[in-house]
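Student: I would like to take a close look at a single part of this model, beginning with one aromatic residue and then working outward. Could you guide me through it carefully?

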Amino acid sequence: MSVLSLRTAILVLCIITASLVFGTVVAGPVLAAVTITERPENEFLILELRINGRIRDRATIAYLPEQANPSQVLVPLGALSKALSYAIKVNPVDGIAEGFFLQESNLFQLDLERQIVFLGGVETPITSQEAEAHFEDIYVRADILQNWFGLNIELDLSTLRLEISTDAPVPFELDIERQKHASVLLDRHVFEGGQAGGGSKLLPYKALSPPGFIVQQTLNVQSNPQNNRYQSTTSLEGSMDFMGLGTRLVLTGIMDSRDEDEIQTSQLTFQRRDPNAQMLGPLKAGKIALGDVDFPDAPLIKGRDRGRGLAISSDPSLGFTFSHGPEDFIIDGDAPLGWDAELYRNGHFVTFQDVGDDGRFSFEGVELLTGFNLFQIILYGPEGQTKTTSRRVFRGPNMLREGEVAYDVSLGQPESDFLPLSKDAEDDDTFGLSGQAFYGLNRFLTVGGSVFRGPDDENAASDELSAASVSAITSFAGFNTQFQLMSANEGRRAYDVETRTRFLQANISAGHTEYTGFTADDQDLKRSSTLAANRSFGSTNVSFSAQSRSFQRREKELSLDSTVSAGLFGVELTNSLERVFSPSETQESFEGELTGLVDMFDIRFRNSLVYDLDSRAPETFRTYRLSALKKLDRGSTVRLNGLHDFLSSQSTGELRYSKNFENFSFDVNLGASTTNSYQAGLTLRTALQPNNKGQYKLVSAQDGGLGSVGLRAYVDSNGNEIFDDGEKLLENVEFVASRGNARGATDADGTIFMSGLVEGPTRFFVEEDSLPSIYLSPYHEYADIIPRRGATTTIDFGFRQLGEIDGFIYMQTAEGQKAMPGVDVVAIDVASGAELDRVNSEFDGYYVIPALPLGTYEVRALPIWSEEESQMPSKVVELTNDEALQLDINLILPTLVVSDEKEGWEE
């Protein structure tokens with residue numbers, strides 16, 4: 001057996017052994033009447049909802065379960081019914097949804113406890129995989145909703161859009177048409193927004209808000225055979241609103257026994273976002289950032305930078321990135337100090353790392369699959385907290401809708417820090433400009449371009465780089481093709497063309513790139529041709545690419561890359577291989593990396609093994625990393641981190657215990673290596689945060705590093721839906737958040753302050769059982785809010801005071817008053833003349849008209865035997881905040897006269 005075969009066999013054996021060790025038996029389901037489901041953050045999606053081309057919501061919450069295809073995305077039934085204007089009410093607590101759609105004869109009922117749906121007069125079973133109850137709604141698979149309502153639902157992961165189309169107009173479209181017709185007849189403008197509820201609202205920005213701070217102090221002692229050393233690291237992270245911008249500051253300083261005191265990190269960023277992308281007038285900006293910002297890459301010549309400048313984007317979150325050319329990508333962002341991060345691509349685990357002292361995570365060299373890449377970063381706090389952020393990266397041709405614009409531009413100094421306080425601060429003051437823009441001409445053609453001007457670190461002949469590119473993207477007969485042409489100073493040129501299609505459920509792409517006029521110092525690559533494919537097989541995703549490259553200084557080479565990601569018995573495995581063939585032996589290589597993730601015995605194991613299958617390699621295995629996280633109780637965790645270098649036969653290990661108290665937390669860590677090096681450390685962290693009333697208090701670093709919001713419940717006595725001084729505040733009203741299951745009750749001031757909220761669309765709704773009266777009704781069923789750092793705004797949640805009218809219906813007879821059952825009683829709004837309610841008197845003549853809005857009403861009994869309604873008794877009643885209950889409003893019917901000649905009431 002050859003050395004290569006032996007090493008391959010050893011590697012396969014290790015993979016199989018790891019799978020057996022990691023594998024665990026999945027527990028059977030626990031039966032319950034209606035189980036409230038909480039799906040993991042890595043399945044969470046925020047979608048733009050379009051119905052027949054109209055935007056109905058820019059932030060619809062949905063979930064794509066692991067191993068599910070896009071047609072099985074879970075969609076909120078209640079929110080969708082509201083967007084479609086279907087008369088379906090959802091009660092997720094009881095697992096019931098009922099009503100009708102399109103017309104009253106189309107009755108609909110869903111019962112999760114009985115696991116049935118009643119539709120079209122037929123009762124059909126439904127499984128727990130097809131519909132489930134969450135705190136805020138009932139979520140149903142899209143393919144099931146299609147069958148129920150005759151819809152065509154398509155999830156476009158490349159743009160995170162949920163497209164719904166119907167054969168016939170839905171109620172909201174008919175209503176818009178009626179309004180437009182009325183506007184013509186009445187010569188009056190009617191707004192055609194086509195959006196239900198306006199979507200999620202970002203907490204408003206203030207001119208100045210009290211800052212919140214997270215402070216972390218670490219003391220560390222190191223000992224090795226050469227010397228002993230102690231080090232103190234202080235980190236400060238601050239958030240606030242300043243001049244209408246959200247502000248984030250990160251400072252890290254180090255003091256040690258070698259007198260190497262220095263500021264290690266200094267970052268400051270101001271930003272403002274608008275989910276509706278309506279900032280800066282005609283620019284329709286979604287995000288503005290100032291300070292330390294990202295500079296977009298310039299296709300075919302320049303990668304992304306981060307430096308001092310101003311950035312403007314059409315995307316509120318900058319979460320969508322176009323990328324063409326580089327297969328390797330950088331996924332980075334801000335994160336709370338002391339946390340660690342896991343990276344997932346299209347639902348599959350890729351790798352993990354600790355958050356640096358600069359408060360950022362940075363995954364470099366991440367492989368981009370051809371087509372859509374949904375990267376999710378799950379951040380884990382020292383005490384077991386979780387937070388998820390997403391990046392959407394599209395590699396290859398991408399189409400925009402007709403008239404749609406997408407852009408991202410930054411200007412400033414891309415290689416200079418905004419606060420050059422740190423020892424290694426970049427201070428290149430060369431002015432730079434970097435931007436990309438795309439425009440959809442029609443459904444078949446999108447055009448775009450990019451520009452860059454700034455420092456040139458690669459070219460020895462010039463200190464500055466100026467480059468521009470144009471691109472055209474077409475879509476025809478199932479093929480998407482993109483052509484790019486780039487021109488730069490010093491006579492440098494490049495072009496590439498790439499086409500992609502979908503065949504047998506696989507994404508397939510082919511492309512060619514050519515460089516001319518480059519020196520070997522700034523671009524050794526002359527040309528490359530690539531063929532790539534990727535496909536999912538249930539819980540397994542497979543990608544493969546072949547690339548032929550020629551160079552100026554090196555021999556040409558052929559590179560074969562493959563990645564297999566799979567989930568098996570609760571184990572997430574990703575194996576990447578790269579094989580390079582070349583006439584030059586020094587260029588040949590055969591390398592791979594295997595990563596694994598599993599939850600076993602309530603421990604989260606994360607592993608990474610880097611190996612070398614080249615027959616000339618001194619060792620088959622290079623490095624192995626292990627992270628094991630165990631949550632001991634609600635506020636404490638223990639973590640083991642290990643690293644072994646096979647080439648040097650050296651190992652390091654660290655054991656960390658973390659404990660979270662109400663207002664602070666601490667870590668105790670011990671570490672050692674096989675080189676007789678030892679270290680011990682203690683970390684303390686806390687946060688100083690203002691609440692919605694501007695009052696400071698110490699809170700845990702977890703809550704201080706996330707969003708917060710105040711909710712105020714009040715009785716809106718004047719009906720203007722704005723809290724006014726003197727209006728009654730409601731105590732002990734419970735609010736629940738849809739994400740993180742945050743909940744609590746209002747205090748004596750009618751206010752609750754919720755913290756520890758992730759920066760994403762969150763739905764806050766009232767627990768109606770907590771209302772002090774059945775005659776209090778909220779103006780809105782819920783409030784969709786996007787919390788953010790530095791925001792301490794109070795959101796007013798107004799309630800209508802409802803009233804009640806009751807009494808008895810009597811008939812005057814010779815013997816006295818007699819109770820009259822079965823008499824219709826109506827309440828007529830005096831102001832409009834409209835009938836608001838109609839009830840029937842009971843066996844003893846009693847009637848009650850409940851839940852009436854405040855106002856003046858005429859209460860009238862309707863005739864039974866005579867058509868002369870004017871003879872019937874009535875009373876005018878006024879319902880006010882002070883007198884919302886009008887009781888004993890009795891109505892006396894006149895004596896009924898019956899004779900051979902006439903039947904009627906005696907006056």
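Student: Is Phe-242 buried, partly exposed or exposed, and what is its relative accessible area?

Tutor: Keeping in mind that this is a predicted model, Phe-242 is partly exposed, with a relative accessible area of 35%. Its ring pairs with that of Phe-270, a residue that is buried at a relative accessible area of 13%, which falls under the 20% limit used for that class. A pair of aromatic rings is described by the distance of the centres and the angle of the planes. For Phe-242 and Phe-270 the centres are 6.4 Å apart, within the 6.5 Å allowed for a pair, and the planes stand at 45 degrees, so the pair is classed as tilted. Because Phe-242 belongs to strand β15 (residues 228-242) and Phe-270 to strand β17 (residues 262-273), this pair ties together parts that are 28 residues apart in sequence. By the same rule, the count of aromatic pairs comes to 20.

Aromatic rings also appear in other settings. Tyr-86, Phe-101, Phe-108, Trp-148 and Phe-149 form one aromatic cluster. Arg-625 lies over the face of Phe-352, at 4.3 Å from the ring centre, and Arg-788 lies over the face of Tyr-205, at 3.7 Å from the ring centre.

The elements around residues 77-149 can be described through an open sheet of five strands, whose order is β4-β5-β6-β7-β8 and whose pairing is antiparallel. At its edges stand β4 (87-91) and β8 (122-125), each with a single partner strand, so one side of each is left without a neighbour in the sheet. Neighbouring strands in this sheet are turned by 10 degrees against each other on average, direction ignored. Within the sheet, four bridges join β6 (residues 103-111) to β7 (residues 116-119), the two running antiparallel, and Asp-111 stands opposite Ile-116 in β7.

Two helices lie across these strands. Helix α2 (residues 77-84) lies across β4, β5 (96-101) and β6, running at about 160 degrees to β4, while helix α3 (residues 142-149) lies across β4, β5, β6 and β7, running at about 150 degrees to β6.

As context for these parts, the secondary structure of the protein chain comes to five helices and 63 strands, and buried residues make up 48% of its 907 residues. Among contacts between residues at least 6 apart in sequence, 53% join residues at least 24 apart.

Conventions: Residues numbered from 1 in each chain as written. Predicted model: local features only at pLDDT ≥ 70, side-chain atom pairs only at ≥ 80, totals over all residues. Heavy atoms only, no water. Phe/Tyr/Trp six-rings, centres within 6.5 Å; stacked < 30°, edge-to-face > 60°. Buried < 20%, exposed > 50% of the residue type's maximum accessible area, 1.4 Å probe, protein only. Lys NZ or Arg CZ within 6 Å of the ring centre and 35° of its normal. Contact = heavy atoms within 4.5 Å. Pairing = 2+ DSSP bridges. Axes fitted to C-alpha atoms, helices over the stretch in contact; angles between N-to-C directions.
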